[in-house]
Amino acid sequence: MSNKVRGYSDVTLGSENLSLCLGLGALAEIESEFNVESFEEALNFGENGRVSAARLLKFMKGLLRGNGIELTPSRLKELNAW
């Protein structure tokens, strides 16, 4: 359930509704996914300012893992988002 005051937003992936937050755990997972030391480095979109699909997927994987969502192959297939 979304709680905008606490930073949660509802996201639908496949047939599943998830409540996600860009909290410290998610930030750490995103940094780990991009193998960088700060979140700002993970947001480096290149000279043209565009985001590739591969970078967006890495970001989403870090965000999901940081919100306690286990990304097993069967879960990814279930989400139908990859």
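Colleague: Leaving aside neighbours within four places in sequence, what is isoleucine 69 in contact with?

Modeller: To read this, look for residues that sit far along the sequence yet meet in space. In this predicted model, isoleucine 69 is in contact with Leu18, Leu20, Leu64 and Arg75, once its neighbours within four places in sequence are set aside.

Colleague: Which residues touch the most other members of the largest nonpolar core?

Modeller: Ile69 is one of them, along with Leu18, Leu20, Ile30, Phe59, Leu63 and Leu64; the core has 14 residues. At least two residues each come from β2 (16-21), α1 (24-34), α2 (39-42) and α3 (53-66).

Colleague: And which element gives the largest share of this core?

Modeller: That's α3, with 4 residues.

Colleague: Let's turn to charges. How many salt bridges does the structure hold?

Modeller: It holds 2. For the general idea, look for a side-chain nitrogen of Lys or Arg within 4 Å of a carboxyl oxygen of Asp or Glu. Here, arginine 65 pairs with glutamate 29, their closest N and O atoms being 3.1 Å apart. That links helix α3, home of arginine 65, to helix α1, home of glutamate 29, across 36 residues of chain. Arginine 65 also meets glutamate 33, at 2.6 Å from N to O. Glutamate 33 is in helix α1 too, 32 residues from arginine 65. Together, Glu29, Glu33 and Arg65 are linked in a network of salt bridges.

Colleague: How exposed are arginine 65, glutamate 29 and glutamate 33?

Modeller: Arginine 65 is partly exposed, at 30% relative accessible area. Glutamate 29 is partly exposed as well, at 26%, and glutamate 33 counts as partly exposed at 22%.

How values were computed. Residues numbered from 1 in each chain as written. Predicted model: local features only at pLDDT ≥ 70, side-chain atom pairs only at ≥ 80, totals over all residues. Heavy atoms only, no water. Core = buried A, V, L, I, M, F, W, Y, C linked by side-chain atoms within 4.5 Å. Buried < 20%, exposed > 50% of the residue type's maximum accessible area, 1.4 Å probe, protein only. Contact = heavy atoms within 4.5 Å.
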